[in-house]
Amino acid sequence: MKKLVSVSIAAIALFGMVSTAQADIGQYRKNGCAACHASGAAGAPKVGDKAAWKARIAKGMPALANSAIKGIPGTAMMAKGGRVNLTDAQIKSIVKYMVDASK
Ligand code: HEC
């Protein structure tokens, strides 16, 4: 059921009917964000690690989404985590999931 829900959210997002409000764990897993952010690999802030996210969350969602979209120079965080085919709205919904799971 959970999987079905995130698949339908992804499908809706694809058709542009949902903008940025939904947190999207399905896309987080599917697009490889979890490769770094589930384990903390390459120095990534681990999803669920409140201490690692506190200062980042304090910057606010627009700043977080912006650095996820553009990447953080000099780190393993590439623009859109390397998935340049993702829309900004998709990135924002993934970042929302990551933030919600790390507060
Ligand atoms: C190759 C590893 C890697 C992948 C894949 C990756 N990230 Fe990251 N991410 C990082 C690292 C490392 C940082 C911390 C960079 C720093 O601030 O030093 C980071 C930081 C972030 C931050 C915090 C930005 C900030 O302003 O503090 C967000 C949000 C984020 N990633 C989202 C994503 C999303 C969304 C995806 C998938 C589309 C993704 N990441 C994929 C390595 C990765």
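These are my notebook entries on a predicted model of one protein, taken element by element.

**Entry 1. Overall make-up**

I began with the secondary structure of the predicted model. I found six helices and zero strands in the protein. Read along the sequence, the pattern is α-α-α-α-α-α. I then looked up burial, and buried residues account for 23% of the 103 residues. For the contacts I considered pairs at least 6 apart in sequence; of these, 58% join residues at least 24 apart.

**Entry 2. The pairing of α5 and α6**

I next examined helix α5 (residues 61-70) against helix α6 (residues 88-100). Their axes come within 9 Å and cross at roughly 120°. I therefore recorded α5 as oblique to α6. The hand of the crossing, as α5 passes α6, is right-handed.

Which residues meet across this pair? On the α5 side I listed Met-61, Leu-64, Ala-65, Ala-68 and Ile-69. On the α6 side they meet Asp-88, Ile-91, Lys-92, Val-95 and Val-99. Sorted by class, the contact of α5 with α6 holds eight nonpolar, no polar and two charged residues.

I noted the general background to such spacings: an α-helix has 3.6 residues a turn, so residues three or four places apart point the same way.

I then followed one residue of the contact, Val-95, on its own. Leaving out residues up to four places away in sequence, Val-95 touches Leu-64, Ala-65 and Ala-68.

**Entry 3. The largest nonpolar core**

I looked up the largest nonpolar core, which has 13 residues. Which of them touch the most other members? They are Tyr-28, Ile-91, Ile-94, Val-95 and Met-98. The elements that give two or more residues to this core are α2 (25-30), α5 and α6. Of these, α6 gives the most, with five residues. Ile-91 and Val-95 thus appear in my list for the core and also in my list for the α5 and α6 contact.

**Entry 4. Met-98**

I took Met-98 as the next residue to inspect; its place is in helix α6. Is Met-98 buried or exposed? I entered Met-98 as buried, because 25 C-beta neighbours lie inside 10 Å. With residues up to four places away in sequence set aside, Met-98 touches Tyr-28, His-37 and Val-47. I also checked the backbone separation from Lys-46: the two residues are 52 apart in sequence and 8.9 Å apart in space, C-alpha to C-alpha.

**Entry 5. Helix α4**

I turned to helix α4 (residues 50-58) and counted its buried residues. Of its nine residues the number buried is zero, so α4 lies largely in the open. I noted that α4 is followed by Gly-60, with a positive phi near 95°.

**Entry 6. The loop between α3 and α4**

I went through three residues of this loop in turn.

Gly-40 lies in the loop between α3 and α4. I recorded Gly-40 as partly exposed, because 13 other C-beta atoms lie within 10 Å. The C-alpha atoms of Gly-40 and Ala-52 are separated by 9.8 Å, the two residues being twelve apart along the chain.

Ala-41 lies in the loop between α3 (33-37) and α4. Ala-41 is exposed, since its count is 12 other C-beta atoms within 10 Å and the cut-off for exposed is 12 or fewer. Apart from residues up to four places away in sequence, Ala-41 touches Ala-35 and Cys-36. I also looked up Ala-76, which is 35 residues from Ala-41 along the chain, and found their C-alpha atoms separated by 9.3 Å.

Ala-42 lies in the loop between α3 and α4 as well. I entered Ala-42 as exposed, because 11 C-beta neighbours fall inside 10 Å. Its phi is positive, about 60°, although Ala-42 is not a glycine.

**Entry 7. Lys-80**

My last look-up was Lys-80, found in the loop between α5 and α6. What is notable in its backbone angle phi? Phi of Lys-80 is near 55°, a positive value in a residue other than glycine. I recorded Lys-80 as buried, because 20 other C-beta atoms lie within 10 Å and the cut-off for buried is 20 or more.

Methods
Residues numbered from 1 in each chain as written. Predicted model: local features only at pLDDT ≥ 70, side-chain atom pairs only at ≥ 80, totals over all residues. Axes fitted to C-alpha atoms, helices over the stretch in contact; angles between N-to-C directions. Helix = DSSP H or I, 4+ residues; strand = E, 2+ residues; numbered from the N terminus. Parallel < 35°, antiparallel > 145°, perpendicular 65-115°, else oblique. Left-handed = near helix turned anticlockwise from the far one by under 90°. Contact = placed C-beta atoms within 7 Å. Nonpolar A, V, L, I, M, F, W, Y, C, P; charged D, E, K, R; others polar. Core = buried A, V, L, I, M, F, W, Y, C linked by C-beta atoms within 7 Å.
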